[in-house]
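Subject: Structure handover and notes

Dear colleague,

I am passing on the structure we discussed, together with my notes on it. Please look through the sequence and the coordinates before reading on.

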Amino acid sequence: MEESSEPLQFELLPYKTAPKKQLPTAGVKGDVGHFGPVTVERCPLYRPLDKGMDTVRLSGPAFPETTLKGKRRSGQPSLFKAELTIDGGRAELTFNARALRKEDRALRIAYEGREYVYSAEGLGRAKVLEREGVRITVEPGQFVPSAGVTRRSGTATGPVDAVDLAIAIVLEEVDTDVLTLSGAALSSPFALMQHFSDRAE
């Protein structure tokens, strides 16, 4: 699989579409250096048949198809009941929403012998995905007044490959607020409702 050993910088631009006779889509897209174009999409509409679950999907010629399905929150899938699938293989996800220290709250991802740690610096701040020798940071970038959106700026260091980038980029369209202490406090009523709905299933 292709790797990049030089520091790689990229930008992701949020987008929305509302085609006639089709479901609307929203997400981010951009060019990731020599890995080329990537698109992350989800449907912003609530769909009752999905039983409160939501899915985000990443695609691009050089990237493995990557999807994350989780309980819908704030119009996005969240980390509650989340399932991450990369190129047809399931990744294992664990995090502790009750931990007090940031490093203990981090999302841990295990996939085909790789161990990742994904953490959030704070609400509206940088998100970082790390495995041994590799670090990918995505943070809010420049505001684009004409489009009314904020670009996201990414930097990858180490021998990064398409799987690393796919995981970091797909998580940009997932509600990960629970990984921050303030976000967890804001989401605690949601978590309580989630607990009771889980027991009712």
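The notes below go through a helix, the nonpolar core, the aromatic pairs, the charged pairs and one loop residue.

Please keep in mind throughout that this is a predicted model.

Helix H2 and the core

I begin with helix H2, which spans residues 162-170. Nine of the nine residues of H2 are buried, so this helix is largely enclosed by the rest of the structure; among them are Val163, Asp164, Leu165 and Ile169. At the N-terminal end of H2, Asp161 acts as a cap, with one of its side-chain oxygens 3.1 Å from the backbone nitrogen of Val163.

The largest nonpolar core comprises 42 residues, and those with the most contacts inside it are Val32, Phe63, Ile109, Ile136, Leu165, Ile169 and Leu171. At least two residues of this core come from each of S2, S4, S5, S8, strand S10 (107-111), S11, strand S13 (134-144) and H2, and it is H2 that gives the most, with eight residues. As background, nonpolar side chains in soluble globular proteins tend to be buried together.

Phe63 shows how one residue of this core is surrounded: leaving aside its neighbours within four places in sequence, Phe63 is in contact with Val32, Phe35, Gly36, Pro37, Val38, Leu58, Ala162, Leu165 and Ala166. Of these partners, Ala162, Leu165 and Ala166 are among the buried residues of H2.

Aromatic pairs

The count of aromatic pairs comes to two. In one of them, Phe35 and Phe63 are tilted with respect to each other, at 6.1 Å centre to centre and with 40° between the planes. This pair links distant parts of the chain, 28 residues apart, since Phe35 is in the loop between strand S3 (25-31) and strand S4 (37-42), while Phe63 is in the loop between strand S5 (53-59) and strand S6 (66-73). Both Phe35 and Phe63 are buried.

Phe80 and Phe95 form an aromatic pair that is edge-to-face, with 6.3 Å between the centres and 75° between the planes. Because Phe80 lies in the loop between strand S7 (76-77) and strand S8 (83-86), and Phe95 in the loop between strand S9 (89-94) and helix H1 (102-105), the pair ties together parts that are 15 residues apart in sequence. Phe80 is buried, with a relative accessible area of 17%, whereas Phe95, at 26%, is partly exposed.

A ring is also involved in a contact with a charge: the charged end of Lys29 sits over the ring of Tyr15, 4.6 Å from its centre.

Salt bridges

The structure holds twelve salt bridges, of which I describe some here. Glu11 forms a salt bridge with Arg151, their closest N and O atoms being 3.2 Å apart. As Glu11 lies in strand S2 (residues 8-17) and Arg151 in strand S14 (residues 149-157), this pair ties together parts that are 140 residues apart in sequence. Glu11 is partly exposed at 35% relative accessibility, and Arg151 is likewise partly exposed, at 25%.

Another salt bridge brings us back to H2, where the side chain of Asp164 meets that of Arg114 at 2.9 Å, N to O. This pair also links distant parts of the chain, with Arg114 in strand S11 (residues 114-120) and Asp164 in helix H2, 50 residues apart. Arg114 is partly exposed, with a relative accessible area of 22%, while Asp164 counts as buried at 0% relative accessibility.

Glu130 and Arg135 form a salt bridge as well, with the closest N and O atoms 2.9 Å apart; Glu130 is partly exposed at 31% relative accessibility, and Arg135 is partly exposed at 35%. In addition, salt bridges that share partners join Arg42, Arg152, Glu172 and Glu173 into one network.

The loop residue Thr176

Finally, which residues does Thr176 touch, leaving aside its neighbours within four places in sequence? They are Leu79, Tyr118, Lys127 and Leu171, and with Lys127 there is a polar contact between the two side chains, at 3.2 Å. Thr176 lies in the loop between helix H2 and helix H3 (181-200), and it is buried, with a relative accessible area of 2%.

With best regards

Conventions
Residues numbered from 1 in each chain as written. Predicted model: local features only at pLDDT ≥ 70, side-chain atom pairs only at ≥ 80, totals over all residues. Heavy atoms only, no water. Helix = DSSP H or I, 4+ residues; strand = E, 2+ residues; numbered from the N terminus. Buried < 20%, exposed > 50% of the residue type's maximum accessible area, 1.4 Å probe, protein only. Polar contact = N/O pair within 3.5 Å; in protein donor to acceptor, adjacent residues only side chain to side chain. Contact = heavy atoms within 4.5 Å. Phe/Tyr/Trp six-rings, centres within 6.5 Å; stacked < 30°, edge-to-face > 60°. Lys NZ or Arg CZ within 6 Å of the ring centre and 35° of its normal. Salt bridge = Lys/Arg side-chain N within 4 Å of Asp/Glu carboxyl O. Core = buried A, V, L, I, M, F, W, Y, C linked by side-chain atoms within 4.5 Å.
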